[in-house]
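Reader: I should be grateful for a close look at a single part of this structure, namely its sheet. Please explain each term as it arises.

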Amino acid sequence: MSSELLVDLTEDPATAQLGQLKLATIEDQQWPADESALSKSETDSQGYDPGSPHLPWDHPFYDIARHQIIEVAGDDNFGRKVIVFNACRMPPQHQLDHHKLLMYLKGTLDQYVESDYTLIYFHHGLTSDNKPSLGWLREAYREFDRKYKKNIKALYIVHPTMFIKTLLILFKPIISFKFGRKINYVSYLSELQDVVKCEQLLIPTPVKEYDKKLRASMKPSSQPPMSPPHSPPLPNQVFGVPLQLLRQRSSDGDCVPVVMRDTINFLSEQGLEIEGIFRRSANVTLVKETQQRYNSGETVHFSEMEDVHLAAVILKTFLRELPEPLLTYKLYNDIVNFSSAPSDSQVTVMKRLVESLPEENYESLRYLITFLVQVSANSEVNKMTNSNLAVVFGPNLLWGQDNAMTLSAIGPINNFTRTLLDQHHLVFP
């Protein structure tokens, strides 16, 4: 039997009962489009719109991606990539090629399975009309081997119903104890704040409305707490503070923030030969404590910490929590469309884009890229090539103004980051 997840479903008689389970019905049976997609309907039929969450119409997975069933949402609070699966966006069975959906899911996970990652499954909206067949579940099990299961650190099932709970009870004899510990039920969206910043998730409108109904149906004394309001910044706060303000606060007007200098200096000395550096998560308590120390104006010495991955997570967290990404919103469309530039002029285009950044952004980016080039120079030991580093850092260098990341944008952003690493000596003279 597999050491990670399941035995072959065809051999377990319990699975014969699964097809008889009924799913909770929902009011929006016609699967209305989300507000994020309504304004894009016309551009979908005409071709690719850089502001659209969809792939180009002639892409092999266009008919799957356009539903936005699967999304990537940057890093969670533990420094792990977040993959989101939206059940309510699955159309009726006869309108969806489930095998192609599986291949699309595999293609998405292939970019991240070498790193620690988190899977968030929004269950609301799965009905008897759109649920996949047991045959599809068996195919999915055969396709997702150990490499996909090893680095998934948590599976969060949001708004679980009796159906999904019963399903997992039936599967319990064939789910390994190790994987079973990774499954978490989340009853309300506010509970996700402990895992990931909800504003960076593209949560479907039906899921938000269902969450409100759940809250409204409870007695006031029993209602879970809402997401805590954003507290005003501390006098010495550095996380979530604009680069320009950090520069103004600096005693010597340094363009590169202290968090970036501390983490990069430490990792340059201690992390260049650590296999999988930037792919592993860190203890969330230590991450929060380190952030609090920085925000309180304390000096942090990573050499006193036991976990070298803590500095890597802090660096990524700092970049992700900037109010505006390091590459700025202004360059978003140019970067997403960068690959359309002729190959012989891409370096010139990239250099022009980078040099248009504010000085503190430019210097911080140069400082970061210079370090990452050092990391990739040791890739035979640490396994972090330019391509691998681009997958890790791309979503932390640029995202859309709604904070969410769509799969059609993440590929071009990662490609831009990889090219920046490849051509750093020409971009940063």
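Author: A residue is called buried when its relative accessible area is under 20%, exposed when over 50%, and partly exposed in between, with a 1.4 Å probe and protein chains only as cover. Strands (E, at least two residues) and helices (H or I, at least four) are DSSP runs, numbered from the N terminus. This is a predicted model, in which local features need pLDDT of at least 70 and side-chain atom pairs count only at pLDDT 80 or more, while totals for chains, interfaces and linings use all residues. Residues are numbered from 1 along each chain as its sequence is written, and side-chain values use heavy atoms, without hydrogens and water.

The chain holds 20 helices and 5 strands. Two strands are said to pair if DSSP finds at least two bridges between them. The sheet is open, with 5 strands in the order β1-β2-β3-β4-β5 and mixed pairing. Because β1 (70-75) and β5 (183-186) each have a single partner strand, they stand at the edges, and one side of each lacks a neighbour in the sheet. From one strand to the next, the twist averages 20 degrees, where axes are lines fitted to C-alpha atoms and angles run from 0 to 180 degrees between N-to-C directions.

β1 is nevertheless mostly covered, with 6 of its 6 residues buried. Its pairing with β2 is antiparallel and extends over 4 bridges; here Asp75 stands opposite Lys81 in β2. In the hairpin of these two strands, 5 residues lie between them, and Gly79 takes a positive phi near 85 degrees.

On to the next pair: β2 (residues 81-86) runs parallel to β3 (residues 117-122), joined by 6 bridges. Lys81 stands opposite Tyr117 in β3.
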